[in-house]
Amino acid sequence: MNDSPGRPSPGSSSDEPDNSAPEQPATPADQAPEAKWARQQPPPGPWPGSGSGPQPPPGRPGWGSQPNNSGRSPGRQLAWGSGWTPPPQAPKPGVVPLRPLGAGEIIEGAFATMRTQWRTVFGVSIGLAVVTQAAATVINGIWFRHNPGLDSLNDNPDMTAGEALRLTGRLLAGMGITSLVGILGSIIATAMLTVVVSRAVLGRTATLREAWTGARPQLLRMLGLVILVPLLIAAAMTVAILPGLLVSLAGAEAGGAALALLGGIAGCVAAAWLWIRYSLAAPALMLEKQGVTASMRRSAKLVRGAWWRVFGVQLLAILIVFVVTAIVQIPTGLVQLLFDGDNANALQGGSSSVSWTYLIIAGIGAVISSVLTFPVTAGVTALLYMDQRIRRESLDVELTRAAKN
């Protein structure tokens, strides 16, 4: 038996057969034994911190590296699992990315639609604003010149109750006609601008003819929607205030006034709730080609569970519209004072002495306000509708597919 490789045991004969293992060559002291590796090895690759090894082809990041889209040399190599790769960005073929949107992105998308589709957007807004305001100016001028205003109540203290009611009815009729003209203009503008926004989300343009072609079949339904929703809100306000009015008529004026005040507060809350609940009915009617009641149910379904978020976005849009209108009305009021200061408050008081100069200046200010605010309100409502469908129904997948076709 050998105690050490390559040497016989002491006392053994040289001619004695050796049944032990074959002798191994002595390993030099300064040479390490050869490592036993498997035949199949993975290909070599770059390791962090080392400049040796095969390098990735130009323009392609190596294993574990972060992509570099800046056009400069590749960045630092990261070992497997040592770096965090951000999720891929959502596609953005148009004015907004196709993913759930924030409030700022919805507002920005409405203004981006105005920038990218300015020919169609301002063509729709200017055309409808000029037509509606011109009609309203002519109606106001003719109506208030041929009918006495509210100031006649002070000039004729002996006016009977019947005459006062007839006067009030004529004034309300005049305001109703001008309001109807404005409503018709806003309906057409909202319908056409909703079509434009839906195209802008996909990165496509819409001409005036295409916007009108897409909006025309739904205009009568839009009119029904615009009439039905305010009627529901007015009914809620009436039901809330009516008990206080009945109590006041019964003789308890103090209690009736307090009850009417509480009812008015409750009615305002109910009106706000109904307004937000059905605020997405117009884009649902336009883009899904549904009827009036079906679009209202669709809006209620999309708003359910997100009432406060929809309310916040719509309130922000109203604030923007208010600021824009105020900015436009300040110089308009100054011009009215310069050219016709005597009649500055004539129209508000229902006076028959309203001059054409005052009405024309007021109409120009209204046109400018409408041109700037129509696209904001229509764009925010349409984008808010799409955002709710993306959150609830994965509309972004369909929009991405449509944008590629």
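Two residues are in contact here when heavy atoms of theirs lie within 4.5 Å. With that meaning fixed, the structure can be followed from its overall composition to individual residues. The model is a predicted one.

The protein chain contains twelve helices and zero strands. Read from the N terminus, its elements therefore run α-α-α-α-α-α-α-α-α-α-α-α, each helix being a DSSP run of at least four residues. Of the 405 residues in the chain, 35% count as buried. The accessible surface of the protein chain amounts to about 24,600 Å², and carbon and sulfur atoms account for 64% of that area. Among contacts between residues at least 6 apart in sequence, 69% join residues at least 24 apart.

Several local examples show how parts of the chain meet. Helix H6 spans residues 219–249, and leucine 223 has its place in this helix. Leucine 223 counts as partly exposed because its relative accessibility is 25%, a value between the 20% limit for buried residues and the 50% limit for exposed ones. Along the chain, leucine 223 and isoleucine 183 are 40 residues apart, yet their C-alpha atoms are separated by 8.6 Å. When neighbours within four places in sequence are left aside, leucine 223 is in contact with Leu184 and Ile187.

Valine 247 also belongs to helix H6. With a relative accessible area of 31%, valine 247 is partly exposed. Its contacts, not counting residues up to four places away in sequence, are with Ala252, Gly255, Gly256 and Leu259. Alanine 260 lies 13 residues from valine 247 in sequence, and the C-alpha atoms of the two residues are 8.8 Å apart in space.

The next topic is the meeting of two helices. Helix H8 covers residues 281–288 and helix H11 covers residues 356–393; their axes come within 9 Å and cross at roughly 75°. H8 and H11 are therefore roughly perpendicular to each other, since angles of 65 to 115 degrees fall in that category. On the H8 side, the residues that take part are Pro283, Ala284, Leu287 and Glu288, and they meet Thr381, Ala382, Tyr385, Met386 and Arg389 in H11. Sorted by class, this contact of H8 with H11 comprises six nonpolar, one polar and two charged residues.

Threonine 381 in helix H11 deserves a separate description. Its relative accessible area is 14%, so threonine 381 is buried. Neighbours within four places in sequence aside, threonine 381 is in contact with Ser279, Leu280, Pro283 and Gln314. Pro283 is also one of the H8 residues that meet H11.

Two loop residues flank these helices in the chain. Lysine 289 lies in the loop between H8 and helix H9 (292–303), while serine 394 is found in the loop between H11 and helix H12 (395–404). Most residues other than glycine have a negative phi. Lysine 289, however, has a phi near 55°, a positive value in a residue other than glycine, and the phi of serine 394 is likewise near 55° and positive. Lysine 289 counts as partly exposed because its relative accessibility is 46%. Serine 394 is partly exposed too, with a relative accessible area of 41%.

The last topic is the aromatic residues. A pair of aromatic rings is described by the distance of the centres and the angle of the planes. The structure holds three aromatic pairs. In one of them, the ring centres of tryptophan 307 and tryptophan 308 are 4.9 Å apart and the planes stand at 85°, so this pair is edge-to-face. Tryptophan 307 also forms a stacked pair with phenylalanine 311, at 5.1 Å centre to centre and with 10° between the planes. Tryptophan 307 and phenylalanine 311 are four residues apart in helix H10 (residues 307–340), and are therefore separated by about one helical turn. Ring pairs thus link Trp307, Trp308 and Phe311 into a cluster. The two tryptophans are assigned to opposite categories of accessibility: tryptophan 307 counts as buried because its relative accessibility is 18%, whereas tryptophan 308, at 67%, counts as exposed.

Note on methods:
Residues numbered from 1 in each chain as written. Predicted model: local features only at pLDDT ≥ 70, side-chain atom pairs only at ≥ 80, totals over all residues. Heavy atoms only, no water. Buried < 20%, exposed > 50% of the residue type's maximum accessible area, 1.4 Å probe, protein only. Areas by Shrake-Rupley, 256 points an atom, 1.4 Å probe, with all protein chains shown as cover. Axes fitted to C-alpha atoms, helices over the stretch in contact; angles between N-to-C directions. Parallel < 35°, antiparallel > 145°, perpendicular 65-115°, else oblique. Nonpolar A, V, L, I, M, F, W, Y, C, P; charged D, E, K, R; others polar. Phe/Tyr/Trp six-rings, centres within 6.5 Å; stacked < 30°, edge-to-face > 60°.
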